[in-house]
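Reader: Could you walk me through this one and tell me what the labels rest on?

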Amino acid sequence: MADRALRGTRIGANSMETEANVEFAPRIEAVYDCPDGRVIVIPFSAEAEIPPVWEAPGGGEALLRDADRPEPKPGKHVRTHWDMLLERRTVAELEDLLTERLQLLRSGQLRRRSA
């Protein structure tokens, strides 16, 4: 066993194949300009749709060279607990409930919970 060819190599860590006679897929290099002045070059497949905006490594959005910045998508309104409560009850109903609960609490019929 001491004369094996794979002795001293890590199996699976390195490929034993070469790149000889391998035909790579056609590629296009897209050039992006970062907000801080850096330039990013990213290879894409020739068949891929190249996005006009790319997330820059240092933060922000890099814009594809010679491309127009796309219009921002409208954001979805975030529903808060108050919004969902108002879908079920009106403000007048909520004020009535608050008054009732405060009366019960002050009269001693309702116990306070300790947090």
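**Sheet, core and rings**

Author: Let's start at one bridge: Arg27 has Ser45 in E2 as its bridge partner. Before going on, a word on the model: it is predicted, so local features need pLDDT of at least 70 and side-chain atom pairs count only at pLDDT 80 or more, while totals for chains, interfaces and linings use all residues. Residues are numbered from 1 along each chain as its sequence is written, and side-chain values use heavy atoms, with hydrogens and water left out.

Reader: How do you know that E1 and E2 pair?

Author: Two strands pair if DSSP finds at least two bridges between them. Seven bridges join E1 to E2, so the pair meets that definition. The two strands run antiparallel.

Reader: And what counts as a strand or a helix?

Author: Both are DSSP runs numbered from the N terminus: helices are H or I with at least four residues, strands are E with at least two. The chain comes to two helices and four strands, and along the sequence the pattern reads β-β-β-β-α-α.

Reader: What makes E2 and E3 edge strands?

Author: The four strands form an open, antiparallel sheet in the order E2-E1-E4-E3. E2 and E3 each have a single partner strand, so one side of each is left without a neighbour in the sheet. On average, neighbouring strands are turned by 40 degrees against each other, direction ignored; axes here are lines fitted to C-alpha atoms, for helices over the stretch in contact, and angles run from 0 to 180 degrees between N-to-C directions.

Reader: Why is Tyr32 called buried?

Author: Buried means under 20% relative accessible area, exposed over 50%, and partly exposed in between (1.4 Å probe, protein chains only). Tyr32 has a relative accessible area of 0%, so buried is the word. Phe44 comes in at 13%, so Phe44 counts as buried too. Trp54, at 31%, is therefore partly exposed. Over the whole chain, 10% of the 115 residues count as buried.

Reader: Which residues make up the largest nonpolar core?

Author: A nonpolar core is a set of buried Ala, Val, Leu, Ile, Met, Phe, Trp, Tyr and Cys residues joined through side-chain atoms within 4.5 Å. The largest one has nine residues: Ala30, Tyr32, Cys34, Ile40, Ile42, Phe44, Ala56, Ala62 and Leu64. Strands E1 (27–33), E2 (39–45) and E4 (61–64) each give two or more residues to this core, and the largest share, three residues, comes from E2. As background, nonpolar side chains tend to be buried together in soluble globular proteins.

Reader: What does Ala30 touch?

Author: Contact means heavy atoms within 4.5 Å. Leaving aside neighbours within four places in sequence, Ala30 is in contact with Ile40, Val41, Ile42, Phe44, Ile50 and Leu64.

Reader: Why is the pair of Tyr32 and Trp54 called tilted?

Author: Rings of Phe, Tyr and Trp (its six-membered ring) pair if their centres lie within 6.5 Å; planes under 30 degrees apart count as stacked, over 60 as edge-to-face and the rest as tilted. A search of the whole structure finds two such pairs. For Tyr32 and Trp54 the centres are 5.9 Å apart and the planes stand at 35 degrees, so tilted fits. This pair links distant parts of the chain, with Tyr32 in strand E1 and Trp54 in strand E3 (residues 53–55), 22 residues apart.

Reader: And what makes the pair of Phe44 and Trp54 edge-to-face?

Author: Here the planes are at 85 degrees and the centres 5.6 Å apart, so that pair is edge-to-face. Phe44 sits in strand E2 and Trp54 in strand E3, 10 residues apart. Ring pairs thus link Tyr32, Phe44 and Trp54 into a cluster.

Reader: Where does Asn21 lie, and is the residue buried or exposed?

Author: Asn21 lies in the segment before E1. At a relative accessible area of 85%, Asn21 is exposed. Phi of Asn21 is near 60 degrees, a positive value in a residue other than glycine.

Reader: What about Asp66: buried or exposed?

Author: Exposed, because the relative accessibility of Asp66 is 81%. Asp66 is found in the loop between E4 and helix H1 (81–88), and phi there is near 65 degrees, again positive in a residue other than glycine.
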